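I opened this notebook to record what I looked up in one structure, going through a sheet and then a helix.

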Amino acid sequence: MKAHIRWLDGMAFEVESGSGHRQTVDGPPDLGGQERGPRPMELLLEGLGSCSAVDVVHILQRGRHAVSDCTVEVDAKRADTPPKVFTSIHLHFRVSGEALKPAAVARAVQLSADKYCSASLMLAKAAELTHSHETIDTAKTG
């Protein structure tokens, strides 16, 4: 994997993933950022949440579960002093599907956390990483 980062101006940078996707990243206002894009540490949380979400949906689909929606809320706390690393991160999954069983969702979340999500496994070495989930059976909710 590769990434290319190019300074634009101020604290803004254009980042390009190895797969060719580009976006603007900006530093916080106290360092001169102008809210032109997400901050680097926000990208880290977005990467963690999306990495784990991909695993959860893939695991459920492989198990032939009818998944219709998956959202992840990531809540993190950082140290007060530099380098202001993440000290705790919590991922809360809301997974919807017809006749979706909570045990299947719990298993998918656990497998992602313990075995498949590279971002989770790496960040768990540096911060307390926790997970929770809720299952929404769309057959019951309409």
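I first fixed the criterion for pairing, by which two strands pair if DSSP finds at least two bridges between them. The model is predicted, and I read the entries below with that in mind.

Entry on the sheet. With that criterion I found an open sheet of 3 strands in the order β1-β2-β3, and the pairing is antiparallel. I noted that β1 (3-9) and β3 (22-26) are the edge strands, each with a single partner strand, so one side of each has no neighbour in the sheet. From one strand to the next, I read an average twist of 25°. I then looked at the pairing of β1 with β2 (residues 12-17), where 6 bridges join the two strands, which run antiparallel. As one position to follow, I took Ile5, whose bridge partner in β2 is Val15.

Entry on the helix. I turned to α2 (residues 102-116), which has 15 residues and reaches 20 Å from its first C-alpha to its last, close to the 21 Å expected at 1.5 Å a residue. Which residues of α2 are buried? I listed Ala104, Val105, Ala108, Val109, Ser112 and Ala113. Seen down the axis of α2, these buried residues fall within an arc of 165°, so they line one face of the helix. I recalled that an α-helix has 3.6 residues a turn, so residues three or four places apart point the same way. On the other side of α2, I found Ala103, Arg107, Asp114 and Lys115 exposed. Finally I checked what the buried residues of α2 pack against, and noted α1 (40-62), β5 (86-98), α3 (118-123) and β6 (128-137).

How values were computed
Residues numbered from 1 in each chain as written. Predicted model: local features only at pLDDT ≥ 70, side-chain atom pairs only at ≥ 80, totals over all residues. Heavy atoms only, no water. Helix = DSSP H or I, 4+ residues; strand = E, 2+ residues; numbered from the N terminus. Expected span 1.5 Å × (residues − 1). Buried < 20%, exposed > 50% of the residue type's maximum accessible area, 1.4 Å probe, protein only. Arc of directions from axis to C-beta. Contact = heavy atoms within 4.5 Å. Axes fitted to C-alpha atoms, helices over the stretch in contact; angles between N-to-C directions.
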